[in-house]
Every structure is written in structure tokens, then in C-alpha cells.
Amino acid sequence: MSRFEITAQPLTAEAFAPYGDVLECAGDPDKVINAGMCGRFHDRAVMDFGDGRAGLSLFRAIPRSLPYTLELLERHPDGSQAFVPMTEHPFLVTVAADENGRPGAPLAFLTAPGQGVNFHKGTWHGVLTPLHLPGLFAVVDRIGTGANLEEFSLDPACVVIS
């Protein structure tokens, strides 16, 4: 089958809400702490684990470029998964709604500097896709027994453009 194209749109909390949470320091902080020297943006993601515990891992991913060929989506049925970039570089986020146990039509988002994402438990998403070196991310996800990964190969593949 031939490939089809989707255009990456800016990442906003409203557009991304069906798939997860946008992690950013937008607007006024919820609290000012540390003798007035730090704004706390409190409880900005719903970390949801069926069992197990939250773990913090560090990822170093090879950067990709646009146009990007999206061939694989994955999801984690037992826990949410947060990607927090450790640089100011934007990255590509791809998601799809679930349609009877399979991913629906993919959507693509480009983060702004300082944004991360938290995928809701069971959300179909593309692999970590940095667009710049060094591709460093902190990832919070479920640590526990059992398989927490489902993969789906797209046929046809999808080309993400900017």
C-alpha cells in the first residue's frame, strides 16, 4: 500500500487531551515556594498504573527529521508514560485513538521548547522521536511484572510533514 501524509500541528493541552497531558509551565504557578524563588505547577499529569510502581528512566534517542515515516505505534495497557525532554529542543509526538483494539488515524504534534507529554494508559503513540541531538529524556512509567507493551505496524506507513 502507498503511504499517506499527516501534518504535524503545534502541541496544545486542548488538542492533546484525549491522549494525555501536556507537561509545561504555562500561566501562573499554583504555588510560590522556596522563599518566593520557585513557582510550583502542581500535579500536572495523571500517572495511572494498574499495578507495579512508578519508575524514572533516562532515554537517549537518535534524532529523526521531518518528513518522518511513521511505521510503528505502541501502547502500554497497564500504565501511563511521561516523556520529559532534558533539553529545550522540540520533539515529534504521534498518537492515535483506539478503534476496537487497533489504532485509528494518526495525529502528529510538534512540541514547543519546554513541553513534555504524559500519555494516558492504553494510548496508541509513536516511538520517542527527538528532532535534535542529544535526544535526552526523563521517562516516568510503570515498573512491574508482565507485558506492558503492545505494538502495531502501520500498513500503509504514514509520512509526517511540518
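Visitor: Let's start with His-125. Which strand is His-125 found in?
Guide: Keep in mind that we're looking at a predicted model. If you follow the chain to His-125, you land in strand E12.

Visitor: Is His-125 buried or exposed?
Guide: The thing to check is its relative accessibility, which is 1%. Anything under 20% is called buried. So His-125 counts as buried.

Visitor: Which side chain makes a polar contact with the side chain of His-125?
Guide: His-125 touches a whole set of residues beyond its sequence neighbours, including Leu-72, Arg-75, Gln-81, Val-95 and Phe-119. For a polar contact, we need a pair of N or O atoms within 3.5 Å. At 3.4 Å, the side chain that makes this contact with His-125 is that of Gln-81.

Visitor: Okay, on to the rings. How do the planes of Phe-83 and Phe-119 sit, stacked or edge-to-face?
Guide: The count of aromatic pairs comes to 7, and Phe-83 with Phe-119 is an aromatic pair with centres 5.8 Å apart. Their planes make an angle of 75°. Planes over 60 degrees apart count as edge-to-face, so this pair is edge-to-face.

Visitor: How many residues apart are Phe-83 and Phe-119 along the chain?
Guide: Phe-83 belongs to strand E8 (residues 81–85), while Phe-119 belongs to strand E11 (residues 116–119). The pair links distant parts of the chain. Phe-83 is buried at 4% relative accessible area, and Phe-119 is buried at 5%. Along the chain, the two are 36 residues apart.

Visitor: Why is the pair of Trp-124 and Phe-152 edge-to-face?
Guide: Their ring centres are 6.2 Å apart, and rings pair if their centres lie within 6.5 Å. Trp-124 is in strand E12 and Phe-152 is in strand E15, so this pair too links distant parts of the chain. Because the planes meet at 70°, the pair is edge-to-face.

Visitor: Are Trp-124 and Phe-152 buried or exposed?
Guide: Trp-124 has a relative accessibility of 2%. Phe-152 has a relative accessible area of 19%, and the cut-off for buried is under 20%. So Trp-124 and Phe-152 both count as buried.

Visitor: Now the sheet. Which are the edge strands of the open sheet of 5 strands?
Guide: The strand order is E3-E11-E8-E14-E6, with antiparallel pairing. From one strand to the next, the twist averages 15°. An edge strand pairs on one side only, and that fits strand E3 (20–23) and strand E6 (53–60).

Visitor: Which residue in E14 is the bridge partner of Gly-55?
Guide: E6 and strand E14 (residues 136–143) run antiparallel and are joined by 8 bridges. Look across from Gly-55 into E14, and its bridge partner is Asp-141.

Visitor: Last one: which strand gives the largest share of the largest nonpolar core?
Guide: In soluble globular proteins, nonpolar side chains tend to be buried together. The largest nonpolar core here has 15 residues, and Phe-83, Val-93 and Phe-119 are among those with the most contacts inside it. Strand E9 (91–99), E11 and E14 each supply at least two residues of this core. The largest share, 3 residues, comes from E9.

Terms used. Residues are numbered from 1 along each chain as its sequence is written. This is a predicted model: local features need pLDDT of at least 70, side-chain atom pairs count only at pLDDT 80 or more; totals for chains, interfaces and linings use all residues. Side-chain values use heavy atoms; hydrogens and water are left out. Rings of Phe, Tyr and Trp (its six-membered ring) pair if their centres lie within 6.5 Å; planes under 30 degrees apart count as stacked, over 60 as edge-to-face and the rest as tilted. Helices (H or I, at least four residues) and strands (E, at least two) are DSSP runs, numbered from the N terminus. Buried means under 20% relative accessible area, exposed over 50%, partly exposed in between (1.4 Å probe, protein chains only). A polar contact is a pair of N or O atoms within 3.5 Å; within protein, one must be able to donate a hydrogen and the other to accept it, and residues adjacent in sequence count only if both atoms are side-chain atoms. Contact means heavy atoms within 4.5 Å. Two strands pair if DSSP finds at least two bridges between them. Axes are lines fitted to C-alpha atoms, for helices over the stretch in contact, and angles run from 0 to 180 degrees between N-to-C directions. A nonpolar core is a set of buried Ala, Val, Leu, Ile, Met, Phe, Trp, Tyr and Cys residues joined through side-chain atoms within 4.5 Å. Lists of a residue's contacts leave out its neighbours within four places in sequence.
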